[in-house]
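Here is a short set of exercises to work through with the structure open beside you. Try each task before reading its solution.

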Amino acid sequence: MEWNLLFFFNSALLGVGLAMDAFSVSLANGLHEPDMKKKKMCGIAGVFALFQAVMPLTGWICVHTISQYFKAFEKFIPWIALVLLLFISGKMLIEGIQNKPEETQPPKVGMAALLVQGVATSIDALSVGFTIANYGFLMALVCALIIAAVTFIICMAGLVIGKKFGMQFSHKASILGGVILIVIGVEIFVKGVF
């Protein structure tokens, strides 16, 4: 592979494809916490971008070092993503159902939940390491950075949209966010297993 416009275009498209799950989770986070500050929004989008960059690079390293072990692990990726997202969404659903309409302050998205979401939405990006296996390390790194930048932008959009609608949905936002995460988990599982 050589450095050309097609490389950058393909990397950006790969970023868009990989960021869709993170976008949906960002949307759910915005719904869940409609009064989120811009600094926290950047932090959330940054965590998703970091995971979306690290996972393809990890896959690339696995292909170039321990590919036979990674292939054995690959069949568990959909299961891991499903379990992680079901855990987070179940917690959001319980909080949303227990939350009374007169309560104005829904629980915030915590760092532990964010890290689990980051892993769950990016774990399928490990297999991108196979796609970029013919790249040299520098090209794989640039590709991962492009994926991270695209993910950051898309996640910020998801958070903004989620915040806007979260204000309108008030206490039901947590339930909707939980349902969105369940759908994402099932979708990752179905795509990965079937």
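**Exercise 1. The overall fold and its confidence**

Task: Work out which pattern of helices and strands the protein chain follows along its sequence, and find where confidence is lowest and where it is highest.

Solution:
- Start with the order of elements: along the sequence, the protein chain reads α-α-α-α-α-α-α-α.
- A tally of elements agrees, with eight helices and zero strands.
- Remember that this is a predicted model, so turn to confidence next. The protein chain has an average pLDDT of 83, and 87% of the residues score at least 70.
- Now go element by element. Helix 2 (residues 38–65) has the highest confidence, at 93, while helix 3 (residues 67–74) has the lowest, at a mean of 67.
- Keep a caution in mind: where pLDDT is low, predicted coordinates should not be read in detail.
- For packing, take the 194 residues of the protein chain: 47% of them count as buried.
- Finally, consider contacts between residues at least 6 apart in sequence; 93% of these join residues at least 24 apart.

**Exercise 2. Helix 5 and Ser122**

Task: Compare the span of helix 5 with the expected value, then describe the surroundings of Ser122.

Solution:
- Helix 5 covers residues 111–122, which is 12 residues.
- From first C-alpha to last, helix 5 reaches 16 Å, close to the 16 Å expected at 1.5 Å a residue.
- Next, list the buried residues of helix 5: Ala113, Leu114, Gln117, Gly118, Ala120, Thr121 and Ser122.
- To think about such a list, recall that an α-helix has 3.6 residues a turn, so residues three or four places apart point the same way.
- Zoom in on Ser122, which sits in helix 5. Ser122 counts as buried because its relative accessibility is 0%, against a cut-off of under 20%.
- Inside the helix, the Ser122 side chain comes to 2.6 Å from the backbone oxygen of Gly118.
- Beyond four places in sequence, Ser122 touches Phe51, Gln52 and Met55. The C-alpha atoms of Ser122 and Gln52 are separated by 5.4 Å, although their positions lie 70 residues apart along the chain.

**Exercise 3. Two residues of helix 1**

Task: Decide whether Ser26 is buried or exposed, do likewise for Asp21, and list the contacts of each.

Solution:
- Place both residues: Ser26 is in helix 1 (residues 5–32), and Asp21 is in helix 1 too.
- Ser26 has 0% relative accessibility, so it counts as buried.
- Asp21, at 8% relative accessibility, also counts as buried.
- Leaving out residues up to four places away in sequence, Ser26 touches Phe48, Cys155, Gly158 and Leu159.
- With its neighbours within four places set aside, Asp21 is in contact with Thr121, Asp124, Ile184, Glu187 and Ile188.
- For a long-range C-alpha pair, take Asp21 and Ile180: they are 159 residues apart along the chain and separated by 10.0 Å.

**Exercise 4. Thr151 in helix 7**

Task: Find which backbone oxygen lies 2.8 Å from a polar side-chain atom of Thr151, and which residues Thr151 touches.

Solution:
- Thr151 belongs to helix 7 (residues 137–169).
- Its relative accessible area is 0%, so Thr151 is buried.
- The backbone oxygen in question is that of Ile147.
- Not counting residues up to four places away, Thr151 touches Gly15, Ala19, Ala22, Phe48, Ala49 and Gln52.

**Exercise 5. Aromatic pairs and cysteines**

Task: Classify the geometry of the Phe7 and Phe8 rings, then count the disulfides.

Solution:
- A search of the whole structure gives six aromatic pairs.
- For Phe7 and Phe8, the ring centres are 5.1 Å apart and the planes are at 75 degrees, so this pair is edge-to-face.
- The two residues differ in accessibility class: Phe7 is buried, at a relative accessible area of 0%, whereas Phe8 is partly exposed, at 37%.
- Widening the view, Trp3, Phe7, Phe8 and Tyr135 form one aromatic cluster.
- For cysteines, the test is a pair of sulfur atoms within 2.5 Å, and the count comes to zero disulfides.
- Check the burial of two cysteines as well: Cys62 is buried, with a relative accessible area of 11%, and Cys143 is buried, with 0%.

How values were computed: Residues numbered from 1 in each chain as written. Predicted model: local features only at pLDDT ≥ 70, side-chain atom pairs only at ≥ 80, totals over all residues. Heavy atoms only, no water. Helix = DSSP H or I, 4+ residues; strand = E, 2+ residues; numbered from the N terminus. Expected span 1.5 Å × (residues − 1). Buried < 20%, exposed > 50% of the residue type's maximum accessible area, 1.4 Å probe, protein only. Phe/Tyr/Trp six-rings, centres within 6.5 Å; stacked < 30°, edge-to-face > 60°. Polar contact = N/O pair within 3.5 Å; in protein donor to acceptor, adjacent residues only side chain to side chain. Contact = heavy atoms within 4.5 Å. pLDDT = per-residue confidence, 0-100.
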